[in-house]
Amino acid sequence: MSSLLTKFGTGIRLASQCSPKILGAASTVRHLNVQEHISYSLLNEAGIPTPKFGVAASGAEAEKIANDLKTKNLILKAQVLAGGRGKGHFKNGLKGGVRVINNAQEAKEIASKMVGQLLVTKQTGAGGRICNKVMVAERKFPRREFYFAVMMERAFNGPVVIASSQGGVNIEEVAAENPEAIVYEPIDIAKGLTKEQAAKVTKAVGLDDHLDDTVKMLLNLYDLFVKKDALLVEINPYAEDANETHFALDAKMRFDDNAEFRQKDLFALRDWSQENMQEVEAAKFDLNYIALDGSIGCMVNGAGLAMATMDIIKLHGGDPANFLDVGGGATVDAVREAFKIITADPKVHAILVNIFGGIMRCDVIAEGIIAAAKELNIKMPIIVRLQGTNVNEAKELIKKSELRILPKDDLDEAAMLSVHLAQIVHLAREARLDVSFEIPPEYHI
């Protein structure tokens, strides 16, 4: 959905080209995504049909489910939170995270090769993501496929129904190649989705011949969206078979963590194994961390300062390796943990710390940096820009530490220096050189 979000300007597209995930982090929200089988169950509860299915954690369980479904038309889906599963591959050599199977024995054999293995797709990166369960479902043969979603969209000041007659494919591609094929129907949150609006959307995508059923489905979809505090409920495709029966073949759902206190049962289903482990560790210390693809680790306090820091790094030709906001009440332990998380990324060649001390005291940040640098034996350059509460005490601590910490008062200079040193470290690592950074006299406090 990122292209659709960009199309309507959700959030501010900064120089760092941050994704919607980063924009969500700006409000310290970690959105809950659920596995496909959970989405199926939620749709069924809402009165929206899906193929019959079962979930297995072993080959034997997959075999039993396949027998219980009493059909030879079956499909096996790796339950991994990543797109492109069908075209992916497992580290053990098995091709495809979505496989057509013809009998229970085949379900057992293939499921056994999926469970406990890493699936690599276009979204997981080379490391892949663990597959702990597989879904065994009826295989359907759709003759028409549609796209339906309800999502919270800032450009419409609330929820919007998004629909298309071109389902079953990447909706971002449809938005780019044929934007007229996508229908948008904003919803008044006070009134909810009306039957008239649902009928309008139904007719727009060409389901006039099934008006009543589709209207009912859309009303159920919106009801699910509201009751579960969802940010996105997406069905792609919503399919029609030869008998003109309609069902959701695939679904994606995302929920706002701010609603966790109301949706305890739902959030209890969160699969932490599918999330970035660095982000999971950060959450334990109330740190807001999101991994990116650059080489400069960023540690800041405040989402706005984080975005600005990432932008100025980009301005000077560098790339941020992460978004890490330590917040306003971080402890020395939290700052030390932040450094552990940043330095665990092998792509990081330099660290830029940008702290404006208000509630967050600069001397606490300095103590955490020094503790982390000593404990982790950090050899890469650390550039620190501190301003605000107890900044002089912080500078004195850094000076006495005699560590490779480069202080800068000016953010522009700090960013420029971090980009320059990251490039040097990158070249040194490529040449397999051990580079030590002594603090030049001009950088001394």
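**Warm-up.** Which residue with positive phi follows α7?

*Solution.* Gly 206 follows α7, and its phi is positive, near 90°. Helices (H or I, at least four residues) and strands (E, at least two) are DSSP runs, numbered from the N terminus.

Before going on, a note on the model. It is predicted, so local features need pLDDT of at least 70 and side-chain atom pairs count only at pLDDT 80 or more, while totals for chains, interfaces and linings use all residues. Residues are numbered from 1 along each chain as its sequence is written, and side-chain values use heavy atoms, with hydrogens and water left out.

**Exercise 1.** Describe how α7 packs and how it crosses α8.

*Solution.*
- Step 1: find the buried residues (under 20% relative accessible area, with exposed over 50% and partly exposed in between; 1.4 Å probe, protein chains only). In α7 these are Gln 197, Ala 198, Ala 199, Val 201 and Thr 202.
- Step 2: look for their neighbours. The buried residues of α7 pack against β9, β10, β11 (182-186) and α8.
- Step 3: list the contacts (heavy atoms within 4.5 Å). Lys 195, Ala 198, Ala 199, Val 201, Thr 202 and Lys 203 of α7 meet Leu 211, Thr 214, Val 215, Leu 218 and Leu 219 of α8.
- Step 4: take the axes, which are lines fitted to C-alpha atoms, for helices over the stretch in contact, with angles from 0 to 180 degrees between N-to-C directions. Those of α7 and α8 come within 9 Å and cross at roughly 120°.
- Step 5: classify the angle. Under 35 degrees counts as roughly parallel, over 145 as roughly antiparallel, 65 to 115 as roughly perpendicular and the rest as oblique; α7 and α8 are therefore oblique to each other.

**Exercise 2.** Map the largest nonpolar core.

*Solution.*
- Step 1: apply the definition, a set of buried Ala, Val, Leu, Ile, Met, Phe, Trp, Tyr and Cys residues joined through side-chain atoms within 4.5 Å. The largest such core has 37 residues, and Leu 43, Phe 148, Leu 221 and Phe 255 have the most contacts inside it.
- Step 2: assign the residues to elements. Those giving two or more residues include α3 (36-45), β9 (144-153), α7 (195-204), α8 (211-227) and β12 (230-240). The largest share, 7 residues, comes from α8.
- Step 3: check for a further core. Apart from this one lies another, of 34 residues, among them Met 299, Ala 321, Val 348 and Val 364.

**Exercise 3.** Place α3 against its sheet.

*Solution.*
- Step 1: test its burial. Of the 10 residues of α3, 7 are buried, so the helix is largely enclosed by the rest of the structure. Glu 36, His 37 and Leu 43 are among the buried ones.
- Step 2: build the sheet, where two strands pair if DSSP finds at least two bridges between them. Here 4 strands form an open sheet in the order β2-β8-β3-β5, with antiparallel pairing. β2 (53-56) and β5 (98-101) stand at the edges with a single partner strand each, so one side of each is left without a neighbour in the sheet.
- Step 3: add the angles. Neighbouring strands of this sheet are turned by 20° against each other on average, direction ignored. α3 packs on the sheet, touching β2, β3 and β8 (134-138), and its direction makes about 145° with that of β2.
- Step 4: zoom in on one pair. β3 (residues 74-78) and β5 are joined over 4 bridges in the antiparallel sense, and Arg 99 in β5 is the bridge partner of Leu 76.
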